[in-house]
Amino acid sequence: GFSGNHMEHSAGYSAHPGRFDIAVLGRARGGWYKMLSERDVIDVLKYVQSTWTTDENRVDLQGGSMGGLASMWYGSRYPDLFACARPTCGLALQSPIENMIQLPVYSVHSDDDPIVPIVSSRGPLLHLHDIGGKVIIEQTTGFGHAVWEWLEGGKRSTEWGEIQVRPNPKTVSTIQYTATDGIANGAWWAHVSEWGPDQAAATIDLRVGAGNMLYGSLKNITRLRLDLASAPFDPEKPLQLSLDAHRTIVLAAPLPETVEIVLDKAEPRFEAPQVRSKRVHTPGAAAMLYDGTPMLIVYGTSGNNAEDAALKTAAIAASKSPNTSWNIDGIVASQTDGVSHFQNLYGTLPIKSDEEVTEEDIAHHHLVLIGTADQNTIVQRMEKELPVYDEGSTLTTSDHFSYTKDDAAWALIHYNPLAPQKLILWIASDETSFYKPGALLPKELFNHGYGADFVMLAPDGTVSTARSFDSNWNWSEAYSQSALLPSSMYNKEGWATAQANLLRELGSADFGAAAMDYQAEWELTDSFKAKEGVTRYSDLALLNYQNRIYRLELTGTQLQEAQEKVKSAERDYACLMSENFSETTLDADRIYTVAFDHDALSGLVKLLGFLPQNIGWTGISESEAINQFGKAR
């Protein structure tokens with residue numbers, strides 16, 4: 001749970017003969033089990049399984065609050081590693097929940113939880129149930145957030161978990177999996193090895209039939225790896241494949257251990273897995289550097305004294321975080337030791353000055369490069385081979401788009417031209433004041449940056465651009481096909497209101513709700529605004545990468561109090577409603593729908609003044625819907 005380490009929040013642990021209970025810190029008390037915090041759990045699991053004799057089919061997930069979020073996050077990204085998931089007051093609005101179609105889930109939640117509203121788990125899990133998942137929702141009341149104190153529900157969850165067993169991969173005849181990034185790219189015996197042209201999810205839908213037949217469909221995938229040695233096929237018989245109900249293609253027997261389905265031309269075909277001279281691009285952006293691969297933070301020393309000192313300060317801040325954020329020392333800190341919940345509790349990431357970096361460092365590490373090419377000699381060495389050029393007052397991309405710098409900072413994720421199997425995160429600004437703990441851009445690379453490989457963002461939240469590459473590191477065509485954002489989005493309130501309007505339309509709802517600036521107990525969330533004549537719908541899409549659009553059902557009576565707040569300008573600025581909300585005459589007995597995304601939920605609950613219960617997923621990815629909407633402008 002948030003604010004606890006592996007000892008403080010490992011509640012209820014006792015000896016279990018023949019069984020391990022493992023509590024994993026995840027680097028920081030508030031790492032949210034993303035980036036390096038995510039990787040720690042997988043590494044600990046692999047360590048235990050390689051060190052002791054364990055039953056790999058009897059591993060279950062359990063956690064509360066942030067740990068409940070993690071239970072559904074890991075279950076939806078790595079469903080083939082676990083026998084079941086048992087989240088307590090968890091949150092799954094951003095998780096590709098349909099990936100848990102074969103992973104049994106037992107959720108415990110109190111309907112009066114003010115920290116993680118029950119809709120955060122109930123809505124996604126009801127969707128999973130509706131599509132055929134094995135789901136139990138234990139709902140109680142009166143425990144608020146501390147539902148782990150509900151002993152009866154916890155006991156039933158534990159007893160249920162003890163009898164769950166992961167199926168043998170050889171018996172898994174159906175795979176339905178949505179891959180959102182290159183870290184969690186598949187399950188069981190099917191994994192995406194190369195994405196299709198869109199900066200969007202890749203979807204796997206495969207079904208094994210009689211006679212070594214494989215049926216299904218693949219979306220946004222160029223190459224799919226099949227681990228045939230683990231799959232339910234007879235290796236001595238030919239493998240037949242039919243995609244989208246088309247005629248079959250055949251792979252001759254005996255079957256290899258591994259093969260790839262290739263979809264880059266009109267006819268699908270089988271090929272042996274490729275070894276490439278440079279790393280293939282995948283969605284995931286900066287998270288792809290924070291995947292557990294050795295990483296080195298490099299600050300420049302070629303500026304003036306003030307610049308060099310600022311760059312080193314930024315590098316030190318970066319070294320304290322399990323993700324891209326440059327967190328401020330002591331912010332939301334533990335009363336026990338004064339360490340921020342957002343910072344690594346034990347140790348820091350390695351840092352070096354550009355002068356200290358060796359060729360071996362470059363060959364074996366992902367690099368976080370801090371400073372402009374004039375300030376950082378490692379950037380200077382590779383700048384001519386990067387797709388973003390610093391031209392003084394502007395940045396220009398290799399496809400001939402230019403952006404005025406003003407006071408913006410920029411971040412580029414790209415393969416390293418000096419070591420093409422490794423990645424770089426180049427983060428820089430001409431403004432020395434940018435290089436400080438708490439800077440906006442590094443934080444937003446963690447909060448909203450999973451789809452964008454190139455971002456320009458000013459300290460006041462002005463977005464110049466957020467762009468991406470295809471699998472071959474060519475700029476995505478979605479950008480040039482996208483319309484400019486309207487003038488209503490040139491300020492923060494306009495940005496949020498326009499997004500609420502858009503969510504209403506995309507989610508086919510009566511109203512829409514979007515996040516605005518707010519200060520929560522544990523984090524500050526900032527709103528964006530568009531740059532006149534520059535920012536596009538595709539930029540907005542990537543900053544909402546794989547957010548899902550949900551719909552609440554509310555009565556007119558329930559909405560009336562919120563409407564009065566909006567009309568009297570006493571609204572909670574954590575959330576803005578679509579423009580039609582304050583103008584609508586509400587029927588007290590009618591059921592209305594409000595479309596929102598993960599970012600808006602906390603503010604929406606505050607605005608409503610109560611804890612809503614009825615939620616449903618619309619089936620729509622916000623980023624993909626915005627891109628389509630922007631093309632039509």
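**How the labels are earned**

Modeller: Let's start at the hairpin of β8 and β9: it has 3 residues between the strands, and Gly211 takes a positive phi near 75°. This is a predicted model, in which local features need pLDDT of at least 70, side-chain atom pairs count only at pLDDT 80 or more, and totals for chains, interfaces and linings use all residues. Residues are numbered from 1 along each chain as its sequence is written, while side-chain values use heavy atoms and leave out hydrogens and water.

Biologist: What makes β8 and β9 a pair of strands?

Modeller: Strands are DSSP runs of E with at least two residues, helices are runs of H or I with at least four, and both are numbered from the N terminus. Two strands pair if DSSP finds at least two bridges between them. β8 (residues 202-209) and β9 (residues 213-219) have 7 bridges in the antiparallel sense, so they pass that test. One bridge sets Arg207 against Tyr215 in β9.

Biologist: And what is the sense of the pairing between β5 and β8?

Modeller: Antiparallel again, over 6 bridges. Thr178 stands opposite Thr203 in β8.

Biologist: What follows β9, and what is odd about Asn220?

Modeller: Asn220 sits in the loop between β9 and β10 (221-227). Its phi is positive, about 60°, although it is not a glycine. That stands out because most residues other than glycine have a negative phi, and most peptide bonds are trans. Speaking of peptide bonds, the one from Ala253 to Pro254 is cis, with omega near -5°. Pro254 lies in the loop between β12 (249-251) and β13 (258-262).

Biologist: Why is Asn220 called buried?

Modeller: Buried means under 20% relative accessible area, exposed means over 50%, and partly exposed is in between (1.4 Å probe, protein chains only). Asn220 has 10%, which is under 20%, so the word fits.

Biologist: Okay, Asp181 next. Where is it, and why does it count as buried?

Modeller: Asp181 is in the loop between β5 (174-179) and β6 (186-187). Its relative accessibility is 6%, so it counts as buried.

Biologist: What makes the link between Asp181 and Arg77 a polar contact?

Modeller: A polar contact is a pair of N or O atoms within 3.5 Å; within protein, one must be able to donate a hydrogen and the other to accept it, and residues adjacent in sequence count only if both atoms are side-chain atoms. The side chains of Asp181 and Arg77 are joined at 2.8 Å, which is within the limit, so the name holds. A polar atom of the Asp181 side chain also lies 2.9 Å from the backbone nitrogen of Ile183.

Biologist: Which residues does Asp181 touch?

Modeller: Contact means heavy atoms within 4.5 Å. Not counting residues up to four places away in sequence, Asp181 touches Arg77, Trp195, Pro283 and Gly284.

Biologist: Arg77 is in α2, right? Why call α1 and α2 roughly perpendicular?

Modeller: Axes are lines fitted to C-alpha atoms, for helices over the stretch in contact, and angles run from 0 to 180 degrees between N-to-C directions. Under 35 degrees counts as roughly parallel, over 145 as roughly antiparallel, 65 to 115 as roughly perpendicular, and the rest as oblique. α1 (residues 36-51) and α2 (residues 66-77) pack at about 70°, with axes 12 Å apart. That falls in the 65 to 115 range, so they are roughly perpendicular. Arg77 is one of the α2 residues making the contact, alongside Trp73 and Tyr74, and α1 brings Ser37, Glu38, Val41 and Ile42.

Biologist: What about Met35?

Modeller: Met35 is in the segment before α1. At 4% relative accessibility, it counts as buried. Its phi is positive, about 55°, although it is not a glycine. Its contacts beyond four places in sequence include Tyr290, Leu445 and Phe446.

Biologist: Leu445 and Phe446 belong to α8. How do you know that α8 is mostly covered?

Modeller: By counting: 7 of the 8 residues of α8 (residues 440-447) are buried. Among them are Lys443 and Glu444.

Biologist: Last one: how many disulfides are there, and what rules Cys89 out?

Modeller: A disulfide is a pair of cysteine sulfur atoms within 2.5 Å. By this rule the count is 0. For Cys89, the nearest cysteine sulfur is that of Cys84, 17 Å away, so the pair fails the 2.5 Å test. Cys89 is buried at 0% relative accessibility, and Cys575 is buried at 1%.
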